[in-house]
Amino acid sequence: MSDTGTTPTKELTLYVAGQTPKSVAAIRNLEKICADHLDESYVIKVIDLKENPKLAREHNIVAIPTLVRQLPVPIQKIIGDLSDIDKVLVHLQLSGV
């Protein structure tokens, strides 16, 4: 996670459910994507829906793991363990942003 003291240009929220293999893989893959492809102006939030299941309905999460790019708008979502890095970068428009 990065905190440069400035407003992040990218805000990513990863929704998981406990420490399942897919959830752990998604967290690891997201950390690698950010380290390898993003500059320092991002923030990552990981929300465990096992701890707070009502957030799934409030945030319109229908499958897990789900990665949501909150900023920049418009909001983009991708479901899965994020192992296809190119697909994640293109779908969430993270490369070159």
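## Helix 1 and its neighbours

The buried residues of helix 1 pack against four elements: strand 1, strand 2, strand 3 and helix 3. Keep in mind while you look around that this is a predicted model. The buried residues in question are Ser 23, Ala 25, Ala 26, Ile 27, Leu 30, Ile 33 and Cys 34.

How does the length of helix 1 check out? Its 17 residues, at 1.5 Å a residue, should span 24 Å, and the end C-alpha atoms are indeed 24 Å apart, so the two agree. The helix also holds a salt bridge of its own: the side chains of Asp 36 and Lys 32 meet at 2.6 Å, N to O. Both residues sit in helix 1, 4 residues apart, which is about one turn of the helix. Asp 36 is partly exposed at 47% relative accessibility, and Lys 32 is partly exposed too, at 46%.

## The nonpolar cores

As a rule, in soluble globular proteins nonpolar side chains tend to be buried together. Here the largest nonpolar core has 18 residues, and the ones touching the most other members are Leu 14, Leu 30, Leu 67, Leu 82 and Val 88. Strand 1, helix 1, strand 2 and helix 3 each put in at least two residues. Helix 1 gives the largest share of this core, with 5 residues.

There's a second core as well, separate from that one, with 7 residues. Among them are Tyr 15, Leu 55, Ala 56 and Val 68.

## Leu 82, a buried loop residue

Leu 82 deserves a click. It sits in the loop between strand 4 and helix 3 (85-91), yet at 4% relative accessibility it counts as buried, because the cut-off for buried is under 20%. Its phi is positive, about 65 degrees, although Leu 82 is not a glycine.

What does Leu 82 touch, leaving aside residues up to four places away in sequence? The contacts are Leu 14, Ala 26, Asn 29, Leu 30, Ile 33, Leu 67 and Val 88. Of these, Leu 14, Leu 30, Leu 67 and Val 88 are named with Leu 82 among the residues that touch the most other members of the largest core. Ala 26, Leu 30 and Ile 33 also turn up among the buried residues of helix 1.

## Asn 60, an exposed loop residue

Asn 60 is another non-glycine residue with a positive phi, near 60 degrees. You'll find Asn 60 in the loop between helix 2 (54-58) and strand 3. Is Asn 60 buried or exposed? With a relative accessible area of 57%, Asn 60 is exposed, whereas Leu 82 is buried at 4%.

## Salt bridges that link strand 1

The structure holds 3 salt bridges. Besides the one inside helix 1, there's a pair between Lys 10 and Asp 39, whose side chains meet at 3.6 Å, N to O. Lys 10 is in strand 1 (residues 10-16) and Asp 39 is in the loop between helix 1 (21-37) and strand 2 (42-48), so this pair ties together parts that are 29 residues apart in sequence. Lys 10 is buried, with a relative accessible area of 1%; Asp 39 is partly exposed at 43%.

The other bridge joins the side chains of Lys 45 and Glu 11, at 3.3 Å, N to O. Lys 45 belongs to strand 2 and Glu 11 to strand 1, so the parts tied together are 34 residues apart in sequence. Lys 45 is partly exposed at 40%, while Glu 11 counts as buried at 17%. What else does Glu 11 touch, not counting residues up to four places away in sequence? Besides Lys 45, its contacts are Val 43, Val 68, Arg 69, Gln 70 and Leu 71.

## Cis prolines after strand 3

Two cis peptide bonds are worth zooming in on. The bond from Leu 71 to Pro 72 is cis, with omega near -5 degrees, and the bond joining Val 73 and Pro 74 is cis with omega about 5 degrees. Where are these prolines? Pro 72 is in the loop between strand 3 (66-71) and strand 4 (76-79), and Pro 74 lies in the loop between strand 3 and strand 4 as well. Leu 71, on the other side of the bond to Pro 72, is one of the residues that Glu 11 touches.

Definitions and conventions:
Residues numbered from 1 in each chain as written. Predicted model: local features only at pLDDT ≥ 70, side-chain atom pairs only at ≥ 80, totals over all residues. Heavy atoms only, no water. Buried < 20%, exposed > 50% of the residue type's maximum accessible area, 1.4 Å probe, protein only. Salt bridge = Lys/Arg side-chain N within 4 Å of Asp/Glu carboxyl O. Core = buried A, V, L, I, M, F, W, Y, C linked by side-chain atoms within 4.5 Å. Contact = heavy atoms within 4.5 Å. Expected span 1.5 Å × (residues − 1).
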